[in-house]
Amino acid sequence: MTYKSDIEIAQANEGRHIADVARDAGIDERYVELYGSNKAKIDYNILKDKKDVEDGKLILVTAMTPTPAGEGKTTTTVGLADGLKAIGKNVFVALREPSLGPVFGVKGGAAGGGYAQVVPMEDINLHFTGDMHAIGAANNLIAAMVDNHIKQGNRLGIDPRNITWKRAMDMNDRQLRFMVDGLGGKANGTPREDGFDITVASEIMAILCLSSDIGDLKKRLASIVVGYTYDDRPVTVKDINAQGAAAALLKDALKPNLVQTLEHTPAFVHGGPFANIAHGCNSVMATRMALKLSDYTVTEAGFGADLGAEKFLDIKCPMAGIKPDAVVIVATVRALKHHGGVAKADLGKENLEALEKGLPNLLRHVENITKVFGLPAVVAINAFPTDTKGELDLIEEKCKSLGVNVALSEVWAKGGSGGTALAQEVVKLCEEPSDYKTVYDMSDSIEEKIGAVAKKIYRADGVEFMPAAKKQMAKLTELGYGDLPVCMAKTQYSFSDDPALLGAPEGFKMTVRNIKVSAGAGFIVALTGEIMTMPGLPPVPAAEKIDVDESGKISGLF
């Protein structure tokens, strides 16, 4: 059987004018800033006018540990929203924006798939409304002002060997990870070691996503630590007086982007921090808007529940003053077989033994959500054409034997109609009592917080802190940053810090090699394993298949 590609399905869809989508979503036209006929920005002042409106229900979509085969978390999120709409619910989607790097690299786009997509998928996956470029510009303005300050006399005594602020570009380019700049003589700056992060790894991205308004944005920008002086005192963006100009570059990027699903469900697509190196959630502002505008908001957090969901629940929720009413954990037969030891080339073949061997990975995520965080959850089995009845029945049987709710999701093939069973389960879950709690208390030490995540969520036996990490923990505690939440920078492919440890590993220790502060974002980053903040391209990048014809029609995006 031949299936249409995601981009072919999206391009064949007759979208509604975005002004009509906004009106039907309850957004007055004075808040709508049109970017053509199919996308718009929504003025954040709508939140002031709707501050007394009661929030709707919040549904978090997360997943089991991801694999190269893909789990379809965004697809499930979009399809669930369309499914809720199909059963008569007033619903909004709140998603992250894709990064150009993965679009042209391995992962491809991030607008959903099959008949559960947000559109216009080409725009969303490419330049969209320019948010990524604004974030990169603000990041690089700060970098330029730091180096200019040193060139113009260095009044603050910034140590060029201890500048922590990197430049940013929204592309996978390993060549820029480590570099020396400022060469060519005194007129061209001060030679020093430097490097680039991908834009979605920039602290500016995290700040944009966690800011509650323009005033909060400026306050957070001012708090960014860009480096240290010769006598080891932190230097902030406020010290170089760059916060106002950076905020000016970000004033429009702060406004959530409104688009629609293939079935015309309204969707905010805003902000895009990675979940393996940042907090992995869409913007607080978009989530809050969606909660005020609908009875049900469906959002997602990046990668597996040990990363995106943990950060959503331990960082975003406490900062935003929100909590989910239900959690959906996406699983696939293919991913379970991968965690059971099956090679990617053989995932299409029935293998009940490997499937059962991979199930502990899913069940650990379920236990973390329901027991550790105290939230009601349902497993959504994202159906693929190669899945067999025996495999689907086995997952359902094993989950139900442990008291875990399960629903088959067929949204990739059927859109909203394939998500109604999941939608009905979620509506029931939203009415169940919950006992939401974070993994640690903010008053715990940095070491205790990292240990709590490692032991309670990853199930590590303990944490080994390298000398650099110990030194940084002591330093950041002394500087007054010890009461911030922790953001774990860890591989997405394993509960551990070793991507080769699949399934539900036990008897391992986490190694934290260094600690850094993202003072503007408001969290401490713990660096484990070989996490890169600037990815590279694979041997055959997705970019090689992308093209555009004479009429401007793009092909090859997926």
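A residue counts as buried when its relative accessible area is under 20%. By that cut-off Asn 154, at 15% relative accessibility, is buried. Keep that in mind while looking around this model, which is a predicted one. Below is a quick tour: a bent helix, a pocket and a cavity, some well-covered residues, and a few spots with notable backbone angles.

**Helix H12, the bent one**

- Helix H12 runs over residues 305-320, so to speak a stretch of 16 residues, yet its end C-alpha atoms sit only 19 Å apart.
- A straight helix would reach 22 Å at 1.5 Å a residue, and H12 falls short of that.
- Where does H12 bend? Look at Phe 312, where the bend is about 35 degrees.
- Because 14 of its 16 residues are buried, H12 is largely enclosed by the rest of the structure.
- Right after H12 comes Gly 321, and its phi is positive, near 70 degrees.

**The second largest pocket**

- There's about 1,400 Å³ of space in the second largest pocket.
- Its lining is made up of 47 residues. To find the centre, go to Ile 163, Thr 164, Lys 166, Lys 516 and Leu 527, which are the lining residues nearest to it.
- Which strand gives the largest share of this lining? That's strand S22 (residues 509-518), with 6 residues.
- Sorted by character, the lining of this pocket has 24 nonpolar, 14 charged and 9 polar residues.

**The cavity**

- How many cavities of 30 Å³ or more does the structure hold? Just 1.
- The largest cavity has about 60 Å³ of space in it.
- Among the residues lining the largest cavity are Glu 97, Pro 98, Leu 100, Ile 124, Leu 126 and His 127. Phe 128, Gly 130, Asp 131, Met 132, His 133 and Asp 170 line it too.
- Helix H7 (residues 131-151) gives the most to this lining, with 3 residues.
- The lining of the largest cavity splits into 6 nonpolar, 3 polar and 3 charged residues.

**Helix H17 and what covers it**

- In helix H17 (residues 420-430), the buried residues are Leu 422, Ala 423, Glu 425, Val 426, Val 427, Leu 429 and Cys 430.
- Several strands help cover those buried residues, including S3 (57-63), S16 (296-300), S17 (326-331), S18 (377-382) and S19 (405-409).
- Helix H4 (73-86) is also part of that cover.

**Two threonines in helix H4**

- Thr 75 lies in helix H4, and Thr 77 is found in H4 as well.
- Thr 77 has 0% relative accessibility, so it counts as buried.
- Setting aside residues up to four places away in sequence, Thr 77 touches Val 61, Val 93, Leu 95, Val 298, Thr 299 and Glu 300.
- From Thr 77 to Gly 215 is 138 residues in sequence and 31 Å in space, C-alpha to C-alpha.
- Thr 75 is at 8% relative accessibility and therefore buried.
- With residues up to four places away in sequence left out, Thr 75 touches Gly 112, Gly 113, Ala 116, Val 411 and Trp 412.
- Thr 75 and Glu 506 are 431 residues apart in sequence, with 31 Å between their C-alpha atoms.

**Met 289 in helix H11**

- Met 289 sits in helix H11 (residues 284-293).
- Is Met 289 buried or exposed? At 1% relative accessibility, Met 289 is buried.
- Apart from neighbours within four places in sequence, Met 289 is in contact with Ile 42, Asp 43, Tyr 44, Ile 46, Leu 47, Pro 256 and Phe 268.
- Met 289 and Ala 94 are 195 residues apart in sequence, but their C-alpha atoms are 9.3 Å apart in space.

**Backbone angles in the loops**

- The peptide bond running from Val 119 to Pro 120 is cis, and its omega is near 5 degrees. Pro 120 is in the loop between strand S6 (116-119) and helix H6 (121-125).
- Back to Asn 154: this residue lies in the loop between H7 and strand S7 (158-163). Its phi is near 55 degrees, which is positive in a residue other than glycine.
- Asp 232 also has a positive phi without being a glycine, near 70 degrees. You'll find Asp 232 in the loop between strand S12 (225-229) and strand S13 (234-236).
- Asp 232 counts as partly exposed, because its relative accessibility is 38%.

How values were computed:
Residues numbered from 1 in each chain as written. Predicted model: local features only at pLDDT ≥ 70, side-chain atom pairs only at ≥ 80, totals over all residues. Heavy atoms only, no water. Helix = DSSP H or I, 4+ residues; strand = E, 2+ residues; numbered from the N terminus. Expected span 1.5 Å × (residues − 1). Bend = angle between axes of the 7 residues up to and from the residue. Buried < 20%, exposed > 50% of the residue type's maximum accessible area, 1.4 Å probe, protein only. 1 Å grid on protein atoms, 1.4 Å probe; cavity = no way out; pocket = protein on both sides within 12 Å on 5 of 7 lines; lining within 4 Å. Points joined across faces, edges and corners; volume = space filled by probe spheres on them. Nonpolar A, V, L, I, M, F, W, Y, C, P; charged D, E, K, R; others polar. Contact = heavy atoms within 4.5 Å.
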